[in-house]
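Me: I am new to this structure. Please teach me how to read it, one feature at a time.
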Amino acid sequence: MMLEGMSIRAISRLTGLHKNTILALLETAGERCRTVMDARMQSLPCRRIQCDEIWTFVQKKRRNVRSGDSPEVGDQWIYVAIDADTKLIPTFRIGKRVRPDTWAFLWDLYQRLANRVQLTTDGLNHYTVAVPECFGTEVDFAQLQKMFGNWWMDTPEGKYSPSGLTGVISKVRLGNPDPEHISTSFVERQNLTMRMQLRRFTRLTNAFSKKLGNLKAAVTLYFAWYNFCRIHQTLRVTPAMEAGLTDHAWSLEELLVS
């Protein structure tokens, strides 16, 4: 139910389970999925990786955070890497949009790859320094900066209707990336999928995460399920099958119990 976009309270109403019981099961599932991801996402034959960050928050948004609040409260960013060919998610990281978290995310990605890749990221300036530090010269790296207009931003409609795209700037940072594959389209589409599948990412609701641990468990469960259980509509197989990591679509029982 959680992986199909339902909130904790909705699951509690339908199943009759207390929400604390559901959250305890979520933490257990998250730990199991982390183990599976760490064990299986090794020596990956990816060729074209796209990276992006998706925003969310824990308990309250940044503008409401006070000096005495826990450092876990406030804005959180999920760094996501996706293989453009197999749609596999090799790794992810939940943290702040700062250089140490960017570096840790890229270093983890580098250690899971078996060969040189073409890497495309958005325009976040932390990537410019962190990619060479993590990959050295063994990468073809480009950044894609998208520019949006600011019309309607001072109107009620602007709150719900995003401004149109006005331009795209691509910059080659390292190596010799193929211009035809300098893109972040697949990872941006994956961000949309995450917002549809996980209720805590739905904007303007009260289903947001109340604890950082629950957010991490839910995201870990989602990515493991996405890689090994969910049949990709275009591929007709799971991303793990397309990448050669398994020969069948896993059931949730296989993911969480085996």
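Me: Among contacts in the protein chain between residues at least 6 apart in sequence, what percentage join residues at least 24 apart?

Reply: Keep in mind that this is a predicted model. A contact means heavy atoms within 4.5 Å. Here, 60% of the contacts between residues at least 6 apart in sequence join residues at least 24 apart.

Me: How many helices and strands does the protein chain have?

Reply: Count eight helices and six strands. Then read their order from the N terminus: α-α-β-β-β-α-β-α-β-β-α-α-α-α. The radius of gyration is 19 Å, close to the 18 Å that the globule rule gives for 258 residues, so the protein chain is as compact as a globular protein of that length.

Me: What does the C-alpha trace span along its principal axes?

Reply: The C-alpha trace spans about 55 × 50 × 35 Å.

Me: What share of the residues counts as buried?

Reply: Buried means under 20% relative accessible area. Of the 258 residues in the protein chain, 47% meet that test. For the surface, look at area: about 13,500 Å² is exposed, and carbon and sulfur atoms supply 52% of it.

Me: How many positive and negative side chains are there?

Reply: The protein chain carries 34 positive and 26 negative side chains. Now compare where the two sets sit: their centres lie 8 Å apart.

Me: Is strand β2 largely enclosed or open?

Reply: Check its residues against the cut-off for burial. Strand β2 covers residues 74–83, and ten of its ten residues are buried, so the rest of the structure largely encloses it.

Me: Which strands pair with β2?

Reply: Take strand β1, residues 48–58. It pairs with β2 in the antiparallel sense, over ten bridges. Glutamine 50 gives an example, with isoleucine 82 in β2 as its bridge partner. Next take strand β3, residues 92–95. It also runs antiparallel to β2, and four bridges join the two. Here tyrosine 79 stands opposite arginine 93 in β3.

Me: Which residues of helix α1 are buried?

Reply: Helix α1 covers residues 8–15, and Ile8, Ala10, Ile11 and Ser12 are buried there. Ask next what they face. The buried residues of α1 pack against α2, residues 19–40. Then look just past the helix: glycine 16 follows α1, and its phi is positive, near 80°.

Me: Does arginine 112 count as buried or exposed?

Reply: Compare its accessibility with the 20% limit for buried residues. Arginine 112 has 6% relative accessibility, so it counts as buried. This residue is found in helix α3, residues 99–112.

Me: What is arginine 112 in contact with, leaving aside its neighbours within four places in sequence?

Reply: Its contacts are Met37, Asp38, Met41, Gln42, Ser43, Leu44, Pro90 and Thr91.

Me: Where does tryptophan 107 lie?

Reply: Tryptophan 107 also lies in helix α3. Its relative accessibility is 32%, so tryptophan 107 counts as partly exposed. Now compare sequence with space. Arginine 63 is 44 residues away from tryptophan 107 along the chain, and their C-alpha atoms are separated by 31 Å.

Me: Where is the place of threonine 205?

Reply: Look in the loop between α5, residues 185–197, and α6, residues 212–228. With 26% relative accessibility, threonine 205 counts as partly exposed. Threonine 205 and cysteine 51 are 154 residues apart along the chain, and 27 Å separates their C-alpha atoms.

How values were computed:
Residues are numbered from 1 along each chain as its sequence is written. This is a predicted model: local features need pLDDT of at least 70, side-chain atom pairs count only at pLDDT 80 or more; totals for chains, interfaces and linings use all residues. Side-chain values use heavy atoms; hydrogens and water are left out. The radius of gyration is taken over C-alpha atoms; the globule rule is 2.2 Å times the number of residues to the power 0.38. Buried means under 20% relative accessible area, exposed over 50%, partly exposed in between (1.4 Å probe, protein chains only). Accessible areas come from the Shrake-Rupley method with a 1.4 Å probe; for residues, only the protein chains shown count as cover. Lys and Arg count as positive and Asp and Glu as negative; His and the chain ends are not counted. The place of a charge is taken as NZ of Lys, CZ of Arg, CG of Asp or CD of Glu. Two strands pair if DSSP finds at least two bridges between them.
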